[in-house]
Amino acid sequence: MVTAMSGDRARTALAGTRFARIDWVDETGSTNADLLAGVAADGDVGERVLVAEHQTAGRGRLGRTWEAPPGTSLLFSVLLRPGLPVESLHLVTMAVALAASDACEAVAGVRPRLKWPNDLVVVGADGATRKLAGILAESVVRDGAVAALVVGTGINVNWPRDPAELAAIATALDHHAGSEVDREDLLVAILRGFDSILAALGEPGGAAALLMRYRHLSATLGRRVRVELASGALEGVAVDVADDGHLLVELGGEVVSVAAGDVVHLRPA
Ligand code: BTN
């Protein structure tokens with residue numbers, strides 16, 4: 001069953017936080033694209049959240065598309081004025097990933113782990129990781145400073161049936177919770193958590209605490225991985241996530257720092 005969200009409960013629950021302004025639409029191309037277009041049209045818009053029941057041109061990382069049947073997912077983007085230097089923006093994306101993982105546990109009793117850079121995954125008993133959610137951050141940089149940051153999240157929440165062609169690589173929250181999950185409750189929990197993590201980031205030690213939690217929840221660290229880069233692939237062991245958000249991969253006694261790429265978790269030999 002697909003239950004459309006009205007957004008009224010979320011607006012009430014988030015009144016007084018930086019995410020009080022929430023717009024809901026039945027359909028759009030991409031919530032990220034819409035918020036970025038708003039920044040381009042009116043450079044001074046404040047923080048806001050846009051949720052869509054369906055996207056016709058959802059964007060994924062590395063130029064991919066993001067597709068989800070109407071009403072089955074939580075698809076939303078947040079527009080922020082983070083006041084952070086460009087090199088610290090990864091902290092905001094990590095903060096959304098942590099808040100989303102915390103919210104899945106609080107609302108659905110499921111604790112997703114984090115696959116570098118910012119996927120939420122469920123790790124099976126066989127060690128296989130299935131993608132539950134993806135996050136795409138896009139920034140508007142003016143004069144070397146971040147004028148606006150749009151962070152978009154797509155979470156597979158209620159899949160009416162198991163799409164067999166995806167079963168090996170993707171999953172939905174309701175399959176692990178054992179029953180349908182309320183997407184509006186999930187949104188509220190994510191945005192509340194994100195609001196508190198952002199507040200903590202402004203305090204001394206906030207970034208270090210965030211990175212520590214990120215590493216703790218990582219499903220990538222300690223694993224053999226293949227990293228697919230534009231220049232080719234490399235295989236090694238993921239040993240750490242550096243303070244700049246890069247993945248550190250050890251291969252042949254050397255540690256390579258990876259800024260962006262696709263990671264495949266390899267099964268132990
Ligand atoms: C990924 O490739 O894993 C990132 C996927 C991000 C998808 C979300 S859905 C809401 C927001 N709007 C978009 O167009 N993309 C993001």
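**View 1. Ser30 and its polar neighbour on the ligand.** In this predicted model, the side chain of Ser30 puts an N or O atom 2.7 Å from an oxygen atom of the ligand. Two further contacts are worth picking out here. Arg61 makes its approach through the backbone, with a polar atom there 2.7 Å from a ligand oxygen. Lys131 uses its side chain instead, and a polar atom of that side chain lies 2.6 Å from an oxygen atom of the ligand. How much of the ligand's own accessible area does the protein cover? The protein covers 98% of the 420 Å² that the ligand has on its own.

**View 2. The shell around the ligand.** Here we pull back to take in the 20 residues around the ligand; Ser30, Gln55, Arg59, Arg61 and Lys131 are the ones that come nearest. Sorted by class, the shell has five nonpolar, eleven polar and four charged residues. As for where the ligand is, it sits in the largest pocket. Two or more shell residues come from each of α2 (31-41), β3 (73-80), β6 (129-142) and β7 (145-156). Which of the elements gives the largest share of the shell? That would be β6, with four residues.

**View 3. The largest pocket, with its lining.** About 1,200 Å³ of space lies in this pocket, and the ligand sits in it. Its lining runs to 49 residues, and those nearest the centre are Trp66, Lys131, Asn156, Ile169 and Ala170. Lys131 is worth a second look, since its side chain also puts a polar atom 2.6 Å from a ligand oxygen. The lining splits into 19 nonpolar, 16 polar and 14 charged residues. At least two lining residues come from each of α2, β3, β5 (119-123), β6, β7 and β12 (262-265). Once again β6 supplies the largest share, this time six residues of the lining.

**View 4. The second largest pocket.** This one holds about 540 Å³ of space. Its lining is made up of 22 residues, with His90, Thr93, Pro117, Asn118 and Ala259 lying nearest the centre. By class, 13 of the lining residues are nonpolar, six are polar and three are charged. Which elements each supply at least two residues of this lining? They are α3 (89-108) and β6.

**View 5. The cis bond at Pro117.** Zoom in on Pro117, one of the residues nearest the centre of the second largest pocket. Pro117 sits in the loop between β4 (113-115) and β5. The peptide bond that joins Trp116 to Pro117 is cis, with an omega of about 5°. Most peptide bonds are trans.

**View 6. Leu62 and its positive phi.** Now for the loop between β2 (48-55) and β3, where Leu62 is found. Leu62 is not a glycine, yet its phi is positive, at about 55°. Most residues other than glycine have a negative phi, so a positive value is worth a look.

Notes:
Residues numbered from 1 in each chain as written. Predicted model: local features only at pLDDT ≥ 70, side-chain atom pairs only at ≥ 80, totals over all residues. Heavy atoms only, no water. Near = heavy atom within 4 Å. Polar contact = N/O pair within 3.5 Å; in protein donor to acceptor, adjacent residues only side chain to side chain. Areas by Shrake-Rupley, 256 points an atom, 1.4 Å probe, with all protein chains shown as cover. 1 Å grid on protein atoms, 1.4 Å probe; cavity = no way out; pocket = protein on both sides within 12 Å on 5 of 7 lines; lining within 4 Å. Sits in = over half its atoms within 2 Å of the grid points. Nonpolar A, V, L, I, M, F, W, Y, C, P; charged D, E, K, R; others polar. Points joined across faces, edges and corners; volume = space filled by probe spheres on them.
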